[in-house]
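Please walk me through this model in the viewer. Tell me what to select at each stop and what is there.

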Amino acid sequence: MARATAIADFCAANAADLDRDGAFPSQEFKLLTEAGLLTVALGYEAGGLGLGIEPGSTLPLLLLLKQLGRGNLAVGRIYEGHVNALQLIQTFGTPQQIQTYAAAARDQHRLFGVWNTEATDGVRILPTQSGRYRLEGAKTFASGAGYVERPIVSGALPDGGWQMCVVPMEQVQVAIDPSWWQPLGMRASVSYRVDFSGVELEPEALIGVPGDYYQQPWLTGGAIRFAAVQLGAAEALLDGTRDYLRQLKRTGDPYQLARAAEAAIAVESGNLWLRGAAETVDRFLQLEAEADRDGLVTYANLVRTAIESICLEVLQLSERSVGARGLLRPQPFERIGRDLTLYLRQPNPDAALAQVGRYVLEQTAPSYKLWSHGKP
């Protein structure tokens, strides 16, 4: 955590220089590599710390992600994708695949990612007569495009099944379209459109069986990771607002005091949500066979919804506190606000909220027993 905090400080200091088209946080990921943080999500036997896959390890992972989000949301977004990919491989991959890709992260310092989003020209995975698989179609919002070396790419099989595969990017030719990425914020995440048409893979590149990507609670449960990154930006806004008000000697204004208190309450609420999420996931990892999968999915949806609201509240409070002058460069508020606004737009927020309501109304147990921290 000390290394992550120092790297987050560097990220924050360098974030303004990366707020431009075509920029990528190369130095930031060099520091992450040197600090050994590309391997923390690997299991103990693979040389990692087991963060996110071993019971008791979820909170350290969330706090790490939050730190990187505090420094730069684009860095946090790409790093979270790396962690997500390693967790998917270790959950659904064969022992040989786990060993191979662990070595790629540990020894070759390969950066992983998960590219699932697509438009109408999405990826299809087609068996060939030679026993290989040919990809056709493109992915959008491919964060880290051109830098992520081992993305998990999902696609449709001829029978309609949804299959994951790992693409060794330095061994294939793809068409990367930077012009597609014209965002409000998060420029340095380089979330371009990538066309995989013509890429051929060996069968060993396929991860799991069709449909594994959408298995629960893994799919929805991962929302707690991006929520942690987002909360880091809320903390950055609170810290920056305090520094700005001190510079202007306005910390005694009663309205500023009230806004600072409201922002602090919101941020601390987010931290408590992360602790609740960690406890819920750790309980699942301990009891997996007997655990309440629907309960974990619901809690993850609670967390992502609550932290979205917290971030929006802190963003509004910060903007009111610093005023129009504070939203001018080189102050960081305008940039963080743009990045956070875009990153908060995660898929299906209404469906996530509806799932929570459905779960709560279907339960007959008292509300204090709905979540893991209310159970013995």
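Colour the residues by relative accessible area first: of the 376 residues in this predicted model, 55% count as buried. Then switch on the surface, where the protein exposes about 16,800 Å². Carbon and sulfur atoms supply 52% of that exposed area.

Next, show the C-alpha trace alone. Along its principal axes the trace spans about 75 × 50 × 40 Å. The radius of gyration is 21 Å, which agrees with the value near 21 Å that a compact globule of 376 residues would have.

Display contacts between residues with a separation of 6 or more. Of these contacts, 75% join residues 24 or more positions apart.

Select the charged side chains. There are 34 positive and 41 negative ones, and the centres of the two sets lie 6 Å apart.

Change to a cartoon view, in which eleven helices and ten strands appear. Go to strand β8, residues 192–195, which has pairings with β4 and with β7 to look at.

Add strand β4, residues 138–142, to the selection: β4 and β8 pair in the antiparallel sense over three bridges. Within this pairing, A142 stands opposite Y192 of β8.

Now select strand β7, residues 175–177. The pairing of β7 with β8 is likewise antiparallel and also has three bridges. Which residue in β8 is the bridge partner of I176? Zoom in on V194, which holds that place.

Finish with the side chains of these strands on display. In a regular strand, side chains alternate between the two faces of the sheet.

How values were computed
Residues are numbered from 1 along each chain as its sequence is written. This is a predicted model: local features need pLDDT of at least 70, side-chain atom pairs count only at pLDDT 80 or more; totals for chains, interfaces and linings use all residues. Side-chain values use heavy atoms; hydrogens and water are left out. Helices (H or I, at least four residues) and strands (E, at least two) are DSSP runs, numbered from the N terminus. The radius of gyration is taken over C-alpha atoms; the globule rule is 2.2 Å times the number of residues to the power 0.38. Buried means under 20% relative accessible area, exposed over 50%, partly exposed in between (1.4 Å probe, protein chains only). Contact means heavy atoms within 4.5 Å. Accessible areas come from the Shrake-Rupley method with a 1.4 Å probe; for residues, only the protein chains shown count as cover. Lys and Arg count as positive and Asp and Glu as negative; His and the chain ends are not counted. The place of a charge is taken as NZ of Lys, CZ of Arg, CG of Asp or CD of Glu. Two strands pair if DSSP finds at least two bridges between them.
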